[in-house]
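Thank you for making time this morning. I would like to walk you through one structure, going from the whole chain down to single residues.

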Amino acid sequence: MGLRSVYVPMTPILDSDNDCTSLDGDHNMADDYDSPLTDLEDSTGSSGYSSLEETFSESSGSEYGGKTHNKKQPAKKRARVANLKALNTGVVLATNGSGRKKKTFSLIITMPIDILFEIFGLLGPVDLLHLSRTTKAFRKVLLSNNAVSVWKAARVNRGGVPNCMPGMSEVEWANLLFGGSQCYVCGTKGIMRVDFGIRRRACTSCLKKNLVYKPNFSSTFPSLDPIIMDLTPFTNIGGWAHGHASGSKFFWSDDILKVAAQLGMYQKDVHMFKPGAKKRLEDFKQSRRRYVDSVFNHVAICDAWVKRDRQHRQLTATELRSQNKELIKTRLIRLGHDTNDVARMFNNRDYAIDKELTDARWKRLLPRIEHNLSELKEQWRLQDQRDASRLRKTHLQDMYDNYRRDVVDFINGPPAMEPESDTSACPAFADKFPEFCTGYVHQTKLALIRSLGSYSGISQDTLALQNQGTNTPEEILLQLATSIFQCASSRSLPLITWDKVQYHKCHIYRTWSTMKATCTFSISQSGILAARSLLRLVGLDVKTTAATTMDQLQHLFFCSNCPPKQENGGLYRMAMDWRRSVIHCVEQSHREPRWELLNAEQLRVIRGPHAPEYPKATDPVWYCNQCDRHNGKPVNKATVIDHIRWHGTTVPKQGVDFSYDMAPVELPPPGMKFFISPPQLSRPSTKPQPSTKPQPPNNDYRCIHCNRSQRRFILEGVKQHIKHK
């Protein structure tokens, strides 16, 4: 039977006030102590102690190796009345600077040693290791020969722990199993596996450095006798095996050196011809072989215990987690949380708390659990909203597909017996078009208004804009200067107000049989930020200003994020109206819009007699601002000027007396160049330029890869030559 290296489920030595439970299911079994009791040995020269006070006095010398000088003790003072209770109960009431008294157990050392041993006999190995690491007095008492029965009783109290490994004391055995998860060599934490064959807890790095493979023994220790391998405990798990056993043998290098030293002493006596040396040498070899066999057989017992203990601990932890889960549910419901939310929370996240849920631990865990519950409720709300939106979208898409399918089926249907029947059915079917179009427009408006809901507070303010009873506040909301949208299907420019949305066309080729995608409109956050910054710059309210109001102001702006550009030695900046400024901000992806308003002098310069005309005078987009004759029926510029003169205005002004409809115009007017520094225009030279004849190609190129060749090329020829090499 091969030796095995197994994981020992140890009880973690942790502070009772430190909650190691994880709300996400993680559980850390690592020890918090850095110094494992690897060098603990039983005291050989001590007998019994009457009390721990005597023990403490014997070990109270200097920690730096100094001697303890016995001095005459001063006379004891009369005990105060406040301390009489402490003397009777063994509890000292310590006082700090503030006068408050704190209970301590420093007088526990006055108890008889046999009573302490009775108390210690009720503890487990982990508790005894804790006590041995508290004070020098407890350490000396628990490591004495008289305390062996205490360690045995602790091992029995733990339940099922096998007897000590041959050659190890009770203290060493308890420390190996329960003393921490540190590597015995380098101190690395988190080493859960104990290799019983070499009786150590070691990390992978130390195993690779210290384990000696049996075939490599002669090369590693060329001066040692190979018989040492028969006298040294071994393991069949190498440093590179990652816990998997094999049929090979691996020895710990320090064990080999110790056995070699002992064997060398006996061999030295034989070489010196001491009486009985050979017999003592053979007895030593036989005893070591029996020891190796006993270690080998004891490993199987330890393996079986580890397996049973692991299963028992897992079962206990599972039951405790289940109990704590139900207890947490009950307490959360008592605190007023919804039963369905609590049950849904435990379905989404497992709270692995494998400790007793005390009141102190519950007080620490409750804020974290309630925070997680609030986050999950928000996630569920968003998910429910997405599911509902997806369901509505699917339902509306099915309705549209059915309508479109009816149109396609009607067009591609079989011909009737009489041609008049085909044409007579068209008007009846066409009567449904206004209903379909009205429904689509209504649904689109509702979707856009809902998308503006994130910028709430607008709809109430738009009531002040309703000067007529024909438009609803929702429709006025879609005409605000900050109502800017975008189409996700064609990635178009920002669509300012509902007028641009209703005239928007995606430049995608579709047919009746392949048309499935529709325009999906959403708010343009960058466009809204740009529009708001422009409104604040001119001193208008961002919640109530309509787009037509900004159009009538005819302000021009410079983008402060863009530096001046050069042209013919001069510097210029682009002056744009507010619509072009919004488009410019979205196109350039400016995170923070910054603008500069042109003053009256700059406007006079840029709007000189040679200002570009936009839109064209022949475009049917012009209407009169003094009456509603051209509402819905715009005309060309000449017609609207003649109409305004009929009103009595001899010199009509654009933007005041008449304007153009922004909706059918795809883009606003482009920006105009405003030169900060005038360009330097070069005058054409009057001198005749000498005629230049074409120069013959230079054929003075050679290939440096061809060292001995004197062949010469033109530039293109040598390039082709090198390319084909």
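Let me start with a pairing of two strands, because strands and helices will come up throughout, and by strands I mean DSSP runs of E with at least two residues, by helices runs of H or I with at least four, both numbered from the N terminus. Strand 7, residues 484-487, runs antiparallel to strand 9 and is joined to it by three bridges, and within that pairing phenylalanine 485 has isoleucine 523 of strand 9 as its bridge partner. Before going on, I should say that this is a predicted model, in which local features need pLDDT of at least 70 and side-chain atom pairs count only at pLDDT 80 or more, while totals for chains, interfaces and linings use all residues. Residues are numbered from 1 along each chain as its sequence is written, and side-chain values use heavy atoms, with hydrogens and water left out.

The two strands I mentioned belong to an open sheet of three, in the order 8-7-9, with antiparallel pairing, where two strands count as paired if DSSP finds at least two bridges between them. Strand 8 (495-496) and strand 9 (521-523) each have a single partner strand, so one side of each is left without a neighbour in the sheet.

Stepping back to the whole, the protein chain has 23 helices and 16 strands. Of its 725 residues, 35% count as buried, meaning under 20% relative accessible area, with exposed meaning over 50% and partly exposed lying in between, for a 1.4 Å probe and protein chains only.

Where, then, is the largest nonpolar core? That term stands for a set of buried Ala, Val, Leu, Ile, Met, Phe, Trp, Tyr and Cys residues joined through side-chain atoms within 4.5 Å. The largest one has 34 residues, and those with the most contacts inside it are Phe120, Leu128, Trp151, Trp173 and Phe196. Helix 3 (113-120), helix 4 (125-132), helix 5 (136-142), helix 6, helix 7 and helix 11 (277-334) each supply at least two of its residues. Another core, of 30 residues, lies apart from it, and includes Leu448, Leu495, Val501 and Ile523.

Two of those helices also pack against each other: helix 6 (residues 148-158) and helix 7 (residues 170-178) lie at an angle of about 35°, with their axes 9 Å apart, the axes being lines fitted to C-alpha atoms over the stretch in contact and the angles running from 0 to 180 degrees between N-to-C directions. With contact taken as heavy atoms within 4.5 Å, Val148, Trp151, Lys152, Arg155 and Arg158 of helix 6 meet Glu170, Val171, Trp173, Ala174 and Phe178 of helix 7.

Further along the chain, helix 20 (residues 578-588) is mostly covered, with eight of its eleven residues buried, among them Trp578, Val582 and Cys585. The elements that cover these buried residues include strand 7, strand 8 and helix 18 (525-538). Serine 589, which follows helix 20, has a positive phi, near 55°.

Finally, two loop residues other than glycine deserve a look. Glutamine 554, in the loop between helix 19 and strand 10, has a positive phi near 55° and, at 29% relative accessibility, counts as partly exposed. Asparagine 568, in the loop between strand 11 and strand 12, likewise has a positive phi near 55°, and its 48% relative accessibility makes it partly exposed.
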